Amino acid sequence: MTQELFHYIDGERRKGTSGRFADVYNPATGDISKQVPLASADEVRGAIASAAAALPGWSATPAAKRAQVLFKFRDLILKHMDELAELVSTEHGKILDDAKGSITRGLEVVEFACGIPHLLKGEYSQSVANGVDVMSARQPVGVCAGITPFNFPAMVPMWMFPMALATGNTFILKPSERDPSCGIRLAELMFEAGAPKGVLNVINGDKEAVDVLLSDPTVGAISFVGSTAIGRYIYETGCANGKRVQALCGAKNHMVIMPDADLDQAADAAMGAAYGSAGERCMAISVAVAVGDETADAFVHRMAPKVQSLKIGPYNDPAAEMGPVVTKEAKARIEDYIDQGVAAGAELVVDGRGVRLQGYENGFYVGGTLFDRVTTDMSIYKDEIFGPVLSVVRAKTYEEAKQMVIDHEYGNGAAIFTRDGDAARDFTQDVNIGMVGVNVPIPVPVAYHSFGGWKASLFGDHAVHGMEGVRFYTKLKTVTARWPSGIKEGAVFNFHSGSDTGH
Ligand code: NAD
């Protein structure tokens, strides 16, 4: 028996009425475990109407009171951590430790948002002219929506709605249809924490639901995280419809390894960064650019046995270092890329194709894969594979390595491993990348800084969380006021009794 999921609108669970459903799998076993309803346009409009009705009351609630709801929400997440992690892992596939880590990263944004009274403090200039003062304040955009990917079903929604709600907006979350349960549960916990009904709604669905969010004039801002092709569509359509849009998209993150790097440290870092969460992270390292053949040989020599012995298993196996990928289609796509790499002449050092786990023969497992001698014209270099595949590219010089990073289509993250301060400084200064690490393989900014890439990794002007999040979800209002000093003799504050116009 598969479980039927629901939407969460107006503070309650709502059964889907469209008659359309998508299967939700347990990637560890390959079984269909749940069915998620795909909303009709009318159901989405219902969620928008609920968010619009909740807006006046919520936006007028003092920021300190909104923060109190977020404090309570934080406690509830901690209390329900195991349950939430189980929802993430059983639908996404990542091991429980990873799931908990991702929820904790989301929680940091909630903690940042708890400081909203301070973050919303405005600016004030006294006496810009005689008796004239100027005040700038930030006010909520209104009804906002978030469309999120499968790979972080708790963390990515938590990049969005805590900031949107803290700043006085109401929010509609459209989670990935592959792993929707965690998003729904978070909304229930937010309601339990004291957010009035309608302040946070969750609508499940696909393109049909998204297109309503993109076109309905009541929605003022859209946050999207997902693939570049869809992100471009969301950005262009949302902007054409007059909405504020931030679309965080695909990635191909390079790790440059200099000849002077601590290679043991670099190899350990690359293991976690390339294969953690089965490579299904937008900040995963998928390319290692080794500077010089000696560096490349030594790096591959260290990596090969580690990749070979990666322990793959279901999410709840405490010994597992890596779980399955999200769907059968994702497994087929990743294995097809490995075929393409081989066909293009890359050297396959460790082959992750055809993995079958005893007792989990139908699970969507792909083994850790390592390529050497990858060149920049190959599809495994150019495309985001979004799986446990690391490509080693050999550069002759640092300049050549840096240029590869600069020339790549994507600009989410990049890292340099070196002991040379000059090289590190030059790299961080010159690369056209949003998040850069020095001896840090996954430079995901903490919640009080902001997360976002450049180039085809982000469309729009704002990154998420930190002050960028506050700015994205608010509009600036500036008031210029003149208060003449003192009441002048003869000043008139009411209509003249003899006035013939009343003006
Ligand atoms: P996806 O683009 O397939 O889906 C993302 C969302 O868009 C989902 O909610 C989905 O229902 C919706 N969607 C899918 N097709 C649509 C269509 N035709 N019209 C309208 N909406 C549609 O992405 P995914 O496979 O769920 O997630 C993986 C991608 O997300 C990777 O490319 C990864 O790099 C990216 N990602 C980026 C970041 C970042 O911060 N840059 C973070 C996490 C994931």
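# A guided tour, from two domains to single contacts

Begin with the whole chain: the C-alpha centres of domain 1 and domain 2 lie 31 Å apart. The model you have open is predicted, so local features need pLDDT of at least 70 and side-chain atom pairs count only at pLDDT 80 or more, while totals for chains, interfaces and linings use all residues. Residues are numbered from 1 along each chain as its sequence is written, and side-chain values use heavy atoms, with hydrogens and water left out.

**Stop 1: the two domains**

Colour residues 3-249 + 457-480 as domain 1 and residues 253-438 as domain 2; these bounds come from an automatic or database domain assignment. Across the boundary, 21 residues of domain 1 are in contact with 25 residues of domain 2, where contact means heavy atoms within 4.5 Å.

**Stop 2: the sheet 1-5-4**

Helices and strands on this tour are DSSP runs numbered from the N terminus, helices being H or I with at least four residues and strands E with at least two. Select strands 1, 5 and 4: these 3 strands form an open sheet in that order, with mixed pairing. Strand 1 (3-4) and strand 4 (21-26) are the edge strands, each pairing on one side only. Two strands pair if DSSP finds at least two bridges between them; strand 1 and strand 5 (residues 31-37) are parallel and share 2 bridges. To see one of these bridges, show Q3 and its partner K34 in strand 5.

Now add helix 3 (residues 81-92), which lies across strand 4 and strand 5 and runs at about 100 degrees to strand 4. Angles here run from 0 to 180 degrees between N-to-C directions, with axes as lines fitted to C-alpha atoms, for helices over the stretch in contact.

**Stop 3: E91**

Stay with helix 3 and pick E91, which sits in this helix. Is E91 buried or exposed? E91 is buried, because its relative accessible area is 1%; buried means under 20%, exposed over 50% and partly exposed in between, with a 1.4 Å probe and protein chains only.

Show side chains next. That of E91 makes a polar contact of 2.6 Å with the side chain of K34, and another of 2.4 Å with the side chain of S181. A polar contact is a pair of N or O atoms within 3.5 Å; within protein, one must be able to donate a hydrogen and the other to accept it, and residues adjacent in sequence count only if both atoms are side-chain atoms. Leaving aside neighbours within four places in sequence, the residues in contact with E91 include V24, Y25, P27, R178 and V326.

**Stop 4: N204**

Move to the loop between strand 10 (200-202) and helix 8 (207-215), where you will find N204. N204 counts as buried because its relative accessibility is 0%. Which backbone oxygen lies 2.8 Å from a polar atom of the side chain of N204? That oxygen belongs to F6. Beyond four places in sequence, N204 is in contact with residues including H7, V36, K174, P175 and I184. For P175, 29 residues away along the chain, the C-alpha separation from N204 is 6.4 Å.

**Stop 5: the sheet 6-7-23**

Select strands 6, 7 and 23, an open sheet of 3 strands in that order with antiparallel pairing. Strand 6 (123-129) and strand 23 (474-482) are at the edges with a single partner strand each, so one side of each has no neighbour in the sheet. From one strand to the next, the twist averages 25 degrees. Strand 6 and strand 7 (residues 132-140) are joined by 4 bridges, and Y124 stands opposite M135 in strand 7.

**Stop 6: helix 10**

Finish with helix 10 (residues 263-275), where a ruler is handy: its end C-alpha atoms are 18 Å apart, which agrees with the 18 Å that its 13 residues should span at 1.5 Å a residue. That expected span is 1.5 Å times one less than the number of residues.

At the start of helix 10, a side-chain oxygen of D262 reaches to within 3.2 Å of the backbone nitrogen of D264. Among the buried residues of the helix are L263, A266, A270, M271 and Y275. The buried residues pack against elements including strand 13 (253-257), strand 14 (285-291) and helix 11 (293-308). After helix 10 comes S277, with a positive phi near 55 degrees.
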